[in-house]
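Let's take a walk through this one together, helix by helix. Have the structure open and follow along.

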Amino acid sequence: MSRSETLFAAAKNHIPGGVNSPVRAFKGVGGDPIFFKSGKGAYLIDEDDRQYIDYVGSWGPMILGHGNPAIIRAVQEAAERGLSFGAPTAIEVEMAYKVCDIFPGMDMVRMVSSGTEATMSAIRLARGYTGRDKIVKFEGCYHGHADSLLVKAGSGALTLGVPNSPGVPASVAEHTLTLEYNNSDQVRELFNTIGGEIACIIVEPVAGNMNCIPPVPGFLECLREVCDQSGAVLILDEVMTGFRVSLSGAQGYYGIEPDLTTLGKVIGGGMPVGAFGGKKVIMDCIAPTGPVYQAGTLSGNPVAMAAGLAMIDGVSTAGFYESLSQKAASLMQGLQGAADAAGIPFTTNQVGGMFGFFFSDEKAINRFEQVTRCNLERFQKFYHLMLDNGVYLAPSAYEAGFVSSAHRDTELEQTINIAHKVMQQL
Ligand SMILES: Cc1ncc(COP(=O)(O)O)c(C=O)c1O
Ligand SMILES: N[C@H](C=O)CCC(=O)O
């Protein structure tokens with residue numbers, strides 16, 4: 001048995017399914033997950049000393065590649081000063097100023113420890129601020145695992161076939177109204193009927209949890225418009241897209257100003273961090289200023305803030321996002337070329353440093369339902385052949401992929417060459 005197999009067998013004895021987050025379990029592709037022991041730049045090394053070019057990047061955070069020296073140094077120095085105080089620190093103030101500076105519509109921000117906490121808190125805040133219960137989300141979007149958001153959810157919930165999780169009371173789920181992503185007509189119809197009862201819309205401004213689906217022109221603008229008309233709060237969930245598709249996320253990229261923004265992943269530099277922030281009039285409703293309760297023992301943790309600030313410094317350099325986007329675009333062009341050469345129906349999407357590919361003969365994929373029609377069997381075969389050749393992709397057809405600044409032409413070309421070989425075997 002390989003060391004990964006041995007570890008997986010042991011893990012299953014004491015960790016449900018052998019993993020601490022379901023999508024890692026390889027249920028979406030079959031076979032056993034790989035256990036990793038280290039990462040450097042664009043590469044991951046597994047427990048059996050095999051090396052992989054990594055396009056998961058810890059599901060987004062590792063935008064500078066693994067083991068970035070500036071981040072490691074920042075973490076080491078912060079750890080020397082103290083791991084946690086449970087009291088205010090200067091570095092939290094620095095982080096708040098930095099984030100509010102980068103996101104123009106954000107007057108105030110509260111740090112938390114995960115994307116789930118950020119979205120859950122933002123929803124509660126929107127409800128508290130508006131005094132309304134109903135929320136709107138989109139099928140296939142994933143916003144973490146808070147009860148009210150596990151309704152027609154994407155990511156691991158979709159991969160495992162449980163988009164509506166047992167354990168969520170019907171009395172909670174009934175307040176979550178789910179519409180089709182990129183369908184503005186449905187949005188307008190709902191808001192024309194009950195707009196005054198809706199607390200918020202929460203949306204992934206580029207969906208990355210049903211593979212990668214960019215917004216069609218006019219969709220995000222429509223969400224802004226109906227929220228303005230109805231008094232509902234527009235929450236852009238930028239846990240994945242923040243600092244990823246541009247420095248100021250999808251809101252900067254598409255020019256849409258939300259009322260609230262949720263952040264995670266890149267903002268923590270690989271440490272467990274999330275954040276939610278937005279307009280002062282709404283953020284003032286949060287305790288201790290206002291009555292909407294929200295708290296966290298480790299929120300604003302100094303080591304995590306140090307990692308996040310070093311990461312933000314790293315992505316704030318001139319030309320960073322142009323270069324990142326170019327890498328993702330050339331990877332997608334290369335994969336498309338490999339599929340075309342092999343006569344395999346194939347389509348790609350890409351925004352900034354995130355990408356998606358589809359085994360489909362449809363030329364443009366922008367709806368959830370199109371994603372579900374893709375050739376899953378072919379994806380699974382492709383996945384394992386790429387893996388066998390040293391390329392680590394997200395182990396599900398419902399996840400976006402990510403490049404980092406550490407992916408050089410060498411790694412991209414090697415991946416494309418492998419894809420040429422693999423596509424011929426499908
Ligand atoms: C868009 C989006 N929102 C929220 C979350 C939840 O974040 P976390 O896994 O850190 O709880 C994720 C990822 O998991 C995500 O991709
Ligand atoms: N799609 C998820 C985050 O974006 C994957 C991470 C996880 O749930 O483990």
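Let's start with a pair of helices: as helix 12 goes past helix 15, the crossing is right-handed. Keep in mind that this is a predicted model, so the geometry here is computed from predicted coordinates. To find the pair, look at residues 320-342 for helix 12 and residues 409-423 for helix 15. Their axes come within 8 Å, and the crossing angle is roughly 20°. Angles under 35 degrees count as roughly parallel, so helix 12 and helix 15 are roughly parallel to each other.

Now zoom in on who touches whom. From helix 12 come Lys327, Ser330, Leu331, Gly334, Leu335, Ala338, Ala339, Ala341 and Ala342. Across from them, helix 15 brings Leu412, Thr415, Ile416, Ala419, His420 and Met423. Sorted by class, this contact has 10 nonpolar, four polar and one charged residues.

Next, swing over to helix 2 (residues 69-81) and helix 11 (residues 302-315), whose axes sit 8 Å apart at an angle of about 155°. With anything over 145 degrees counting as roughly antiparallel, that angle makes helix 2 roughly antiparallel to helix 11. This crossing is right-handed. On the helix 2 side you'll find Ala70, Ile71, Ala74, Val75, Glu77, Ala78, Ala79 and Arg81. They meet Pro302, Val303, Ala306, Ala307, Leu309, Ala310, Met311 and Gly314 in helix 11. The class breakdown for this contact is 13 nonpolar, one polar and two charged residues.

While you're around helix 11, have a look at the loop between helix 10 (280-283) and helix 11, which holds Pro288. The peptide bond leading from Ala287 into Pro288 is cis, with omega near 10°. Another backbone detail worth a click is Asp49, in the loop between strand 2 (43-46) and strand 3 (51-54). Asp49 isn't a glycine, yet its phi is positive, at about 65°.

One more helix pair before we get to the ligand. The axes of helix 7 (residues 184-194) and helix 8 (residues 219-230) come within 10 Å and cross at roughly 5°. Helix 7 and helix 8 are therefore roughly parallel to each other. Helix 7 puts Ser184, Val187, Arg188 and Phe191 into the contact, while helix 8 offers Phe219, Cys222, Leu223, Val226 and Ser230. That gives six nonpolar, two polar and one charged residues.

So what surrounds ligand 1? The shell is made of 15 residues, and the closest are Ser114, Gly115, Thr116, Gly144 and Val239. Which helix gives the most to that shell? Helix 4, running over residues 115-130, does, with three residues. By class, the shell around ligand 1 splits into three nonpolar, 10 polar and two charged residues.

Finally, how confident was the predictor? The average pLDDT along the chain is 97, and 100% of the residues score at least 70. For the model as a whole, the scores are an ipTM of 0.99 and a pTM of 0.98.

Methods. Residues are numbered from 1 along each chain as its sequence is written. Chains are lettered from A and ligands numbered from 1 in the order in which they are written. This is a predicted model: local features need pLDDT of at least 70, side-chain atom pairs count only at pLDDT 80 or more; totals for chains, interfaces and linings use all residues. A residue is near a molecule or strand if its C-beta atom, placed from the backbone, lies within 6 Å of it. Helices (H or I, at least four residues) and strands (E, at least two) are DSSP runs, numbered from the N terminus. Ala, Val, Leu, Ile, Met, Phe, Trp, Tyr, Cys and Pro count as nonpolar, Asp, Glu, Lys and Arg as charged, and the others, Gly among them, as polar. pLDDT is the predictor's confidence in each residue, from 0 to 100. Axes are lines fitted to C-alpha atoms, for helices over the stretch in contact, and angles run from 0 to 180 degrees between N-to-C directions. Angles under 35 degrees count as roughly parallel, over 145 as roughly antiparallel, 65 to 115 as roughly perpendicular and the rest as oblique. A crossing is left-handed if the near helix is turned anticlockwise from the far one by less than a right angle, and right-handed if clockwise. Two residues are in contact if their C-beta atoms, placed from the backbone, lie within 7 Å.
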